[in-house]
Amino acid sequence: MRTVRTLATAALAGAALLGLAAPAALAESPSPSTGSGKDGSTAGPTEAGTTFRTAARFLPGQEATAQAATGDYLYWVFPADTGQRPTVHATVTLPDAALRHGPATWRVDVYDGLRRRQPCMYGTQSRAAGKETATVQLTCVLRPVRASADTWSNDPLPGSYYVRLTATSLPDEDLGQPFTARLGVSTVDKGGAYATDGSLAAPLVPGATTADRAEADEEAGRPSIVEAAAPEDGWSSGWWSDRWLWTAAGGILAALAGIGGYVLTRGGGRPSRVPPAV
């Protein structure tokens, strides 16, 4: 019975450890690159691109700003890695109400490295601003980035993500009026809840070519295009997730249960009252 009590205590201890690890594994912990500063962000680019090719690069946690004319398309690009769920925040400061002639509709869109438009899980992606409105705030929460996916699924994959901001509807008389935009991206780590088997050969970064080109860049001592577009901590390999913790804990508990079942059912051996020759 002492052995049974010992095994039972060990099993309960393992279950307690699993229970403590589970909330930590499932919690949405902020990414290390969520920025620092009084407002939780650091300085980013002060200009935006006008096409995908000229998009201004910034990192999650930084705040990008730009001044442009109403009717322009503004583009930024940021990296997103496996397991992260990015959230795009955009604030548009509109021209003075006395200069405007009517309401306008503003919209933010996000595209991956293949320029596939990524839908928002939730958030206010498009908002109408009245003539007296001073600022417009837009939000787009993307789906968690997966290490790999089927080609038809359109799931977000690790690589570069483009943000496009523009006014989709406004009076013609308001075209060309100046406005100010502030853009930021925050990420949460979703961990093994959205983990997949396998990984891409390379993140979806525009301009990335063959392994020969990457090797030539390395020999020349210059960073490759993929490395230049990497997050602050570099690209992850995609093989690790907290599912490994669940697998290991489940294996330990299964082993303890098997040993306990064996101890309970093996019996006490030959009774002492039975002669050896029988």
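**A strand-rich chain and its core**

Asn154 is partly exposed, with 25% relative accessible area. The model in which this residue sits is a predicted one. Asn154 is found in the loop between S9 and S10, and it has a positive phi of about 65° although it is not a glycine. Most residues other than glycine have a negative phi. Arg115 is another non-glycine residue with a positive phi, near 60°. It belongs to the loop between S7 and strand S8 (126-129). Its relative accessible area is 42%, so it counts as partly exposed.

The loop between S9 and S10 also holds Ser148. Is Ser148 buried or exposed? Its relative accessibility is 17%, and because buried means under 20%, Ser148 counts as buried. Its C-alpha atom is separated by 6.1 Å from that of Gly198, although the two residues are 50 positions apart along the chain.

From these loops we turn to the chain as a whole. Its secondary structure consists of 4 helices and 11 strands. Of the 278 residues in the chain, 39% are buried. Among contacts with a separation of 6 or more, 72% join residues 24 or more positions apart. The accessible surface is about 15,700 Å², and carbon and sulfur atoms account for 57% of it.

Which residues have the most contacts inside the largest nonpolar core? They are Trp76, Phe78, Val88, Trp106, Leu165 and Leu183, in a core of 32 residues. The elements giving two or more residues to this core are strands S4 (62-69), S5 (74-80), S6 (84-93), S7 (104-111), S9 (135-141), S10 (159-169) and S11 (178-189). Another core, of 6 residues, lies apart from it and includes Phe52, Val77, Tyr111 and Tyr162.

Val88 shows how the parts of the chain come together. Setting aside neighbours within four places in sequence, Val88 is in contact with Phe78, Val108, Val110, Leu138, Thr139, Cys140, Val163, Leu183, Gly184 and Val185.

The last topic is empty space inside the protein. Rolling a probe the size of a water molecule over the atoms shows where such space is left. The structure holds 1 cavity of 30 Å³ or more, and the volume of the largest cavity is about 80 Å³. Trp106, one of the core residues with the most contacts, is also part of the lining of this cavity. The other lining residues are Thr70, Leu94, Pro95, Arg100, Gly102, Ala104, Leu170, Pro171, Asp174 and Gln177. By class, the lining has 6 nonpolar, 3 polar and 2 charged residues.

Conventions. Residues numbered from 1 in each chain as written. Predicted model: local features only at pLDDT ≥ 70, side-chain atom pairs only at ≥ 80, totals over all residues. Heavy atoms only, no water. Core = buried A, V, L, I, M, F, W, Y, C linked by side-chain atoms within 4.5 Å. Buried < 20%, exposed > 50% of the residue type's maximum accessible area, 1.4 Å probe, protein only. Contact = heavy atoms within 4.5 Å. Areas by Shrake-Rupley, 256 points an atom, 1.4 Å probe, with all protein chains shown as cover. 1 Å grid on protein atoms, 1.4 Å probe; cavity = no way out; pocket = protein on both sides within 12 Å on 5 of 7 lines; lining within 4 Å. Points joined across faces, edges and corners; volume = space filled by probe spheres on them. Nonpolar A, V, L, I, M, F, W, Y, C, P; charged D, E, K, R; others polar.
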